[in-house]
Amino acid sequence: MGTLITRTWYCRWPTGGRVKHVAHGGTARRLSVDNASGGGMNRWSIPDWLEGEVIARDRRCVYCGVAFAAQSVRRRDRPSREHIINDARRITRANIARCCIGCNASKGTKGLVAWLQSPYAMARGITPESVAAVVRAALQSEPSGGSTP
Ligand SMILES: [Zn+2]
């Protein structure tokens, strides 16, 4: 027993690059990871399956709606990861989203509701009605927008 195998696989990194892994030897084992238990994690501790879901869902900034083109001209229009409610423990598909670097930088640590009233949001016509569905849902479930009292 113990068929010698050579295995190659890739891990995706948040930057979009890929890291090549090669393993030699050992008996064939199941490589697929159980999604529920996490599998690979990135530096935000977001499991890969959730990262993939969010990337597939948020093809535009969840706030200002700018489309994430493959090669964005302006850096601030590029996607970044966002906790809709600023709580790093909430690693759920309802709270992890992609927004452009411009919105992310503006929102910073502000609560969602407070930020929606900021000059930045106003200037861009970002309102509780204009944001993506995932943000509207967060607003409904969390009317305070996660701001600290
Ligand atoms: Zn944006």
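Two strands count as paired here if DSSP finds at least two bridges between them. Keep that in mind, everyone, for the pair I'd like to start with. Strand S3, residues 79-83, is joined to S4 by five bridges, and the two strands run antiparallel. To pick out one of those partnerships, Pro 79 is bridged to Cys 100 in S4.

Before going further, a word of caution: this is a predicted model. The protein chain has a mean pLDDT of 79, and 66% of its residues reach at least 70. Confidence varies along the chain, too. Helix H4, residues 119-123, has the highest mean pLDDT of the elements, at 98, while strand S2, residues 18-24, has the lowest, at 50. Please take particular care with residues 22-38, where pLDDT stays under 50. For that stretch the model has 17 contacts beyond four places in sequence.

Now the overall layout. We have five helices and four strands, and from the N terminus the order reads β-β-α-β-β-α-α-α-α. The protein chain has 149 residues, of which 22% count as buried. Looking at contacts with a separation of 6 or more, 53% are between residues 24 or more positions apart.

Back to S4, then. Is this strand enclosed or open? All five of its five residues are buried, so S4 is largely enclosed by the rest of the structure. As a reminder, in a regular strand the side chains alternate between the two faces of the sheet. In our strand, Ala 97 and Cys 99 point one way, Ile 96, Arg 98 and Cys 100 point the other way, and all of them are buried. Yes, that list of buried residues includes Arg 98.

That brings me to the core. Nonpolar side chains tend to be buried together in soluble globular proteins. In this model the largest nonpolar core has 23 residues, and those touching the most other members are Cys 61, Val 62, Tyr 63, Cys 64, Ala 97, Cys 99 and Val 135. Strand S4 (96-100), helix H3 (112-116) and helix H5 (133-141) are the elements that each give two or more residues to it. Which of them gives the most? That would be S4, with four residues.

Let's zoom in on Val 135. Leaving out residues up to four places away in sequence, Val 135 touches Val 62, Tyr 63, Ile 84 and Ala 97.

Next is Leu 112, in helix H3. Leu 112 counts as buried because it has 24 C-beta neighbours inside 10 Å, and the cut-off for buried is 20 or more. Beyond its neighbours within four places in sequence, Leu 112 is in contact with Ile 84, Ile 85, Ala 138, Leu 139, Gly 145 and Gly 146. Take Leu 139 from that list: the two leucines are 27 residues apart along the chain, with 7.8 Å between their C-alpha atoms.

For contrast, here are two loop residues. Thr 127 sits in the loop between H4 and H5. With 11 other C-beta atoms within 10 Å, Thr 127 is exposed. From Thr 127 to Tyr 63 is 64 residues in sequence, yet 8.4 Å in space, C-alpha to C-alpha.

The other one is Ser 45, in the loop between S2 and helix H1 (48-57). Is Ser 45 buried or exposed? Ser 45 has 10 C-beta neighbours inside 10 Å, so it counts as exposed. Ser 45 and Ile 91 are 46 residues apart in sequence, and their C-alpha atoms are 8.0 Å apart.

If you keep one picture from today, let it be S4: bridged to S3, and giving the most to the largest nonpolar core. Thanks for listening!

Methods. Residues are numbered from 1 along each chain as its sequence is written. This is a predicted model: local features need pLDDT of at least 70, side-chain atom pairs count only at pLDDT 80 or more; totals for chains, interfaces and linings use all residues. A nonpolar core is a set of buried Ala, Val, Leu, Ile, Met, Phe, Trp, Tyr and Cys residues joined through C-beta atoms within 7 Å. A residue is buried if 20 or more other C-beta atoms lie within 10 Å of its own, exposed if 12 or fewer, and partly exposed in between; C-beta atoms are placed from the backbone. Two residues are in contact if their C-beta atoms, placed from the backbone, lie within 7 Å. pLDDT is the predictor's confidence in each residue, from 0 to 100.
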